[in-house]
Amino acid sequence: MARVVVEVMPKAEILDPQGQAIAGALPRLGFAGVSDVRQGKRFELDVDDSVSDAELEQIAEALLANTVIEDWKVVRVSA
């Protein structure tokens with residue numbers, strides 16, 4: 001059994017209104033020094049050893065990310 005994390009983020013050229021809202025709120029809450037925020041998604045999957053890296057990539061592309069506007073990466077965090 002392995003834990004896999006799929007991180008999904010808006011592509012750099014895509015506007016991120018949620019991230020912009022967070023960045024705008026930080027100074028009002030007294031937090032200085034943050035110039036930009038990008039908000040993404042994190043998925044944690046517990047998979048058995050039969051699931052290949054290629055299959056994980058297919059899962060990310062087909063179900064977890066909108067590949068038109070989002071980038072993604074798969075990270076195995078434990079084996």
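Visitor: At 49% relative accessibility, what does alanine 21 count as: buried, partly exposed or exposed?
Guide: In this predicted model, alanine 21 is found in helix H1, which covers residues 17-28. A residue is called buried under 20% relative accessible area and exposed over 50%, with partly exposed in between. Because alanine 21 has a value of 49%, it counts as partly exposed.

Visitor: How far apart are the C-alpha atoms of alanine 21 and lysine 73?
Guide: Along the chain, alanine 21 and lysine 73 are 52 residues apart. In space, the separation of their C-alpha atoms is 25 Å.

Visitor: Glycine 19 is also a residue of helix H1, so what does it count as, buried or exposed?
Guide: Glycine 19 touches Val37 and Gln39, when residues up to four places away in sequence are not counted. Its relative accessibility is 0%, and since a value under 20% is the cut-off, glycine 19 counts as buried.

Visitor: How far is glycine 19 from arginine 38 in space, C-alpha to C-alpha?
Guide: In sequence, glycine 19 and arginine 38 are 19 residues apart. From C-alpha to C-alpha, however, the distance in space is 4.6 Å.

Visitor: In which order do the 3 strands of the open sheet lie?
Guide: The pairing in this sheet is antiparallel, and the edge strands, each of which pairs on one side only, are S2 and S3. From one strand to the next, the twist averages 20 degrees. Reading across the sheet, the order is S2-S1-S3.

Visitor: How many bridges join S1 to S3?
Guide: Strands S1 and S3 run antiparallel to one another, and within this pairing valine 4 stands opposite arginine 76 in S3. The number of bridges that join S1 to S3 is 8.

Visitor: Which helix lies across S1, S2 and S3?
Guide: The helix in question is made of residues 53-64, and it runs at about 140 degrees to S3. The helix that lies across these strands is H2.

Visitor: Which strand gives the most to the largest nonpolar core?
Guide: In soluble globular proteins, nonpolar side chains tend to be buried together. Here the largest nonpolar core has 11 residues in all, including Val4, Val8, Leu45, Leu56 and Leu64, and S1, S2 and H2 each supply at least two residues of this core. The strand that gives the most, with 4 residues, is S1.

Visitor: Which tryptophan does valine 8 touch, not counting residues up to four places away in sequence?
Guide: Valine 8 is one of the residues of the largest nonpolar core. Among the residues that valine 8 touches are Gly40, Phe43, Leu64 and Ala65, and the tryptophan in this set is Trp72.

Visitor: Which side chain meets that of lysine 41 in a salt bridge?
Guide: Side chains of opposite charge can pair when their charged atoms come close. For lysine 41 the distance is 3.3 Å from N to O, and the pair links distant parts of the chain, 29 residues apart, with lysine 41 in strand S2 and its partner in strand S3. Lysine 41 is partly exposed at 36% relative accessibility, whereas the partner is buried at 13%. That partner is glutamate 70.

Visitor: What is the N to O distance in the salt bridge of aspartate 46 and arginine 3?
Guide: These two residues are 43 residues apart, with aspartate 46 in strand S2 and arginine 3 in strand S1, so the pair links distant parts of the chain. Arginine 3 counts as partly exposed because its relative accessibility is 30%. The N to O distance of the salt bridge is 2.6 Å.

Visitor: Which residues are linked with Arg3 and Asp46 in a network of salt bridges?
Guide: A search of the whole structure finds 6 salt bridges, and one of them, at 2.9 Å from N to O, is between the side chains of glutamate 44 and arginine 42. Glutamate 44 is partly exposed at 45%, whereas arginine 42, at 52%, counts as exposed. The residues linked with Arg3 and Asp46 in the network are Arg42 and Glu44.

Visitor: Which side chain of opposite charge is nearest to lysine 11?
Guide: Lysine 11 is found in the loop between S1 and H1, and its contacts, leaving aside neighbours within four places in sequence, include Arg38, Thr67 and Val68. Although lysine 11 is buried, it has no salt bridge. A salt bridge needs the charged atoms within 4 Å, and at 4.3 Å the nearest side chain of opposite charge is that of aspartate 71.

Notes
Residues are numbered from 1 along each chain as its sequence is written. This is a predicted model: local features need pLDDT of at least 70, side-chain atom pairs count only at pLDDT 80 or more; totals for chains, interfaces and linings use all residues. Side-chain values use heavy atoms; hydrogens and water are left out. Buried means under 20% relative accessible area, exposed over 50%, partly exposed in between (1.4 Å probe, protein chains only). Two strands pair if DSSP finds at least two bridges between them. Axes are lines fitted to C-alpha atoms, for helices over the stretch in contact, and angles run from 0 to 180 degrees between N-to-C directions. Contact means heavy atoms within 4.5 Å. A nonpolar core is a set of buried Ala, Val, Leu, Ile, Met, Phe, Trp, Tyr and Cys residues joined through side-chain atoms within 4.5 Å. Lys and Arg count as positive and Asp and Glu as negative; His and the chain ends are not counted.
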